[in-house]
Amino acid sequence: MAVPDWSDGYDWYDAYDRYDLLLIWSALCAIIRSMPSRRSAAAPSRSVERAIVVDGRTIRVRRKAIKNLYLRVQPADMSIVVSAPWHMSLGTVAAFAREHRDWIEQQEQKLRDRGSADRPQWTDRLKAQAAAALEAQLPDLLAHWESTIGRSPSHITLRAMTSRWGSCTPRTARIRLNLQLGMMDRRLLEYVLVHEMTHLWVPGHGPEFRRHMDRYLPQWRTLRMELNRQPVWRG
Ligand SMILES: [Zn+2]
């Protein structure tokens, strides 16, 4: 089996976006390891991980049967991983990570940019559009749910928020709704409204809250899951 020769291991990562290559590389390694060969019987594949801190950054060091050091920033959780040969000292690994600090920071920035580029961004026009959509839907929804739930909010405020879909202050009966709900399916808006109006009876999210929700909107768990899959728009 042909395996890419990266014996000049220090240079490969300077090229652009090598995650794919890394994935191919680790897939190849997995295939080779799983092959019932004499080599794998003689040297069973093992990988041991420990963390070290270099200049305030946590580096995950994975020991493997390799000859060179490999560095990557994992897109999934932005963790920094160095794969290192079994007997290389941690001091050498730390020096390697320190030497490539600029590269690590570049990768982190790239991943952050990529993460936020996927999220839609608010404009004044979109905000007006979302507010209009909410104002058009809320009267009917409120009329229906006030009679079902038996409580009414004193005010409903609409705001673009990045940390929550809605909130309720039971003491003042004030409800805030995320403007983004105006750009979503009406069912999701309805779920958030019912959730917040339920807080007019029950403050927390305990068993009593869930009992109310089960009664009002039996499919609320599915709606919650769907809602939490929506990307949050950038302000
Ligand atoms: Zn709540």
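Why does L126 count as partly exposed? In this predicted model, L126 has 17 C-beta neighbours inside 10 Å, and therefore counts as partly exposed. A residue is called buried if 20 or more other C-beta atoms lie within 10 Å of its own, and exposed if 12 or fewer do. L126 belongs to helix α5, which covers residues 124-149. Its C-alpha atom is separated by 9.3 Å from that of Q180, although L126 and Q180 are 54 residues apart along the chain.

The chain as a whole contains eight helices and seven strands. Of its 235 residues, 16% are buried. Among the contacts in the chain with a separation of 6 or more, 52% are between residues 24 or more positions apart.

Strands of a sheet pair through backbone hydrogen bonds, in either the parallel or the antiparallel sense. One open sheet has four strands in the order β1-β2-β4-β3, and its pairing is mixed. The edge strands are β1 (48-54) and β3, each of which pairs on one side only. From one strand to the next, the twist averages 25°.

Within this sheet, strand β2 (residues 57-64) pairs with β4 in the parallel sense, over six bridges. R60 has V81 of β4 as its bridge partner, and R62 stands opposite S83 in β4. On the other pairing described here, strand β3 (residues 70-73) and strand β4 (residues 80-85) are antiparallel and are joined over four bridges. L71 stands opposite V82 of β4, while Y70 has S83 of β4 as its bridge partner. S83 thus appears in both pairings of β4, opposite R62 and as the partner of Y70. The hairpin of β3 and β4 has six residues between the strands, and M78 in this hairpin takes a positive phi near 60°. Helix α3 (residues 90-99) lies across β1, β2 and β4 and runs at about 60° to β1.

A further open sheet consists of three strands in the order β5-β7-β6, again with mixed pairing. β5 (155-159) and β6 (166-169) stand at the edges with a single partner strand each, so one side of each is left without a neighbour in the sheet. Neighbouring strands of this sheet are turned by 15° against each other on average, direction ignored. β6 and strand β7 (residues 174-178) run antiparallel and are joined by four bridges. In this pairing, T169 stands opposite R174 of β7. Helix α6 packs on the sheet and touches β6 and β7, with its direction at about 20° to that of β6.

Helix α6 also packs against other helices, including α5 and α8. The axes of α5 and α6 are 11 Å apart and make an angle of about 45°. The two helices, α5 and α6, are therefore oblique to each other. Their crossing is right-handed. On the α5 side, the contact involves Q137, L141, W145 and I149, which meet R186, L189, E190, L193, V194, M197 and T198 in α6. By class, the residues of this contact are seven nonpolar, two polar and two charged.

The axes of helix α6 (residues 186-198) and helix α8 (residues 220-228) come within 10 Å and cross at roughly 115°. This angle makes α6 roughly perpendicular to α8. The crossing of α6 and α8 is left-handed. R187, L188 and Y191 of α6 make the contact with W220, L223, R224, E226 and L227 of α8. Five of the residues in the contact of α6 with α8 are nonpolar and three are charged, with no polar residue present.

Methods: Residues numbered from 1 in each chain as written. Predicted model: local features only at pLDDT ≥ 70, side-chain atom pairs only at ≥ 80, totals over all residues. Pairing = 2+ DSSP bridges. Axes fitted to C-alpha atoms, helices over the stretch in contact; angles between N-to-C directions. Contact = placed C-beta atoms within 7 Å. Parallel < 35°, antiparallel > 145°, perpendicular 65-115°, else oblique. Left-handed = near helix turned anticlockwise from the far one by under 90°. Nonpolar A, V, L, I, M, F, W, Y, C, P; charged D, E, K, R; others polar.
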